[in-house]
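Work through the exercises below with the sequence and coordinates at hand. Each task is followed by a solution in steps.

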Amino acid sequence: MTTSSTPGLARFNTQAAHEAAAALHEVCASERWGSALLARRPYATTDDLFLASDAATAELSGKDLDEAMAGHPPIGRPTPGDPTSAREQRGMAGASDALRARMLELNLAYQERFGHVFLICATGATGERMREALEDRIGNPPEREREIVRTELGKINRIRLARLVRDA
């Protein structure tokens, strides 16, 4: 992790509020999460930004989590034309037809059971690993699954924030 300020972090710190809010919305669709991060600007280090993200993620209500998850496409079906979801779901790019069909079946069953998309930090994960995680988690009690979702969201947010301040 970066422990000092970077040019990208400095640009993020000094962006107009509406521009920074739009950039944060690309990281996480929860308005509350984005507002919490905006309110704590400026950040001395990337680590400070990550810690603020972790704290904001931990404080999200159920409604806020739903809003955040609404910004994520199902695994195996990245949003067309969205390089972020395509990059994050790269592990499904070469998946067999059988794996794609199984993921569709599992995703639908998961959504029926929990009322939201299956959320996993897919960066670096193979299609098989994502299928295994989905098979493992579909039997979780809803309260347990909600906490796993919060953890996975936090991981995704950190990866996206790192990219944001690197590319800003």
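Helices here are DSSP runs of H or I with at least four residues, numbered from the N terminus. The model is a predicted one.

**Exercise 1. Describe the largest pocket and find which helix gives the most to its lining.**

Solution.
Step 1. Take the volume: the largest pocket holds about 180 Å³.
Step 2. List the lining. It consists of 11 residues, and those nearest the centre of the pocket are Glu26, Thr84, Arg160, Arg163 and Leu164.
Step 3. Assign the lining to helices. At least two residues come from each of helix H2 (17–27), helix H6 (83–88) and H9. H9 gives the most, with four residues.
Step 4. Sort the lining by class: six residues are charged, four are nonpolar and one is polar.

**Exercise 2. Determine how many cavities of 30 Å³ or more the model has, and characterise the largest cavity.**

Solution.
Step 1. Apply the rule that a cavity is a set of grid points where a 1.4 Å probe fits but cannot get out. With the threshold of 30 Å³ or more, the count is one cavity.
Step 2. The space in the largest cavity is about 110 Å³.
Step 3. Its lining has 14 residues, with His72, Ile75, Glu88, Gln89 and Ile120 nearest the centre.
Step 4. H6 and H9 each supply at least two residues of this lining.
Step 5. Of the lining residues of the largest cavity, eight are nonpolar, four polar and two charged.

**Exercise 3. Work out how H5 and H9 are arranged and which residues form their contact.**

Solution.
Step 1. Helix H5 spans residues 62–69 and helix H9 spans residues 142–167; their axes lie 11 Å apart, at an angle of about 55 degrees.
Step 2. Compare with the cut-offs: under 35 degrees is roughly parallel, and roughly perpendicular begins at 65. H5 and H9 are therefore oblique to each other.
Step 3. The crossing of H5 past H9 is left-handed.
Step 4. On the H5 side the contact uses Gly62, Leu65, Asp66, Ala68 and Met69, and on the H9 side Arg146, Val149, Arg150 and Leu153.
Step 5. In this contact of H5 with H9, five residues are nonpolar, three charged and one polar.

**Exercise 4. Find the residues through which H7 and H9 meet, and classify them.**

Solution.
Step 1. Helix H7 (residues 97–114) packs on H9 at an angle of about 115 degrees, and the two axes are 11 Å apart.
Step 2. H7 brings Tyr110, Arg113 and Phe114 to the contact, while H9 brings Pro142, Glu145 and Val149.
Step 3. Four of the residues in the contact of H7 with H9 are nonpolar and two are charged, with no polar ones.

**Exercise 5. Locate the cis peptide bond between Arg41 and Pro42, then describe the packing of H3 and H4.**

Solution.
Step 1. The bond joining Arg41 and Pro42 is cis, with omega about 0 degrees.
Step 2. Pro42 sits in the loop between helix H3 (31–39) and helix H4 (46–58).
Step 3. The axes of H3 and H4 come within 9 Å and cross at roughly 140 degrees. H3 passes H4 in a right-handed crossing.
Step 4. From H3, Trp33, Ala36 and Leu37 take part; from H4, the partners are Leu49, Ala52, Ser53, Ala56 and Thr57.
Step 5. The class count for the contact of H3 with H4 is six nonpolar, two polar and no charged residues.

Methods: Residues numbered from 1 in each chain as written. Predicted model: local features only at pLDDT ≥ 70, side-chain atom pairs only at ≥ 80, totals over all residues. Heavy atoms only, no water. Axes fitted to C-alpha atoms, helices over the stretch in contact; angles between N-to-C directions. Parallel < 35°, antiparallel > 145°, perpendicular 65-115°, else oblique. Left-handed = near helix turned anticlockwise from the far one by under 90°. Contact = heavy atoms within 4.5 Å. Nonpolar A, V, L, I, M, F, W, Y, C, P; charged D, E, K, R; others polar. 1 Å grid on protein atoms, 1.4 Å probe; cavity = no way out; pocket = protein on both sides within 12 Å on 5 of 7 lines; lining within 4 Å. Points joined across faces, edges and corners; volume = space filled by probe spheres on them.
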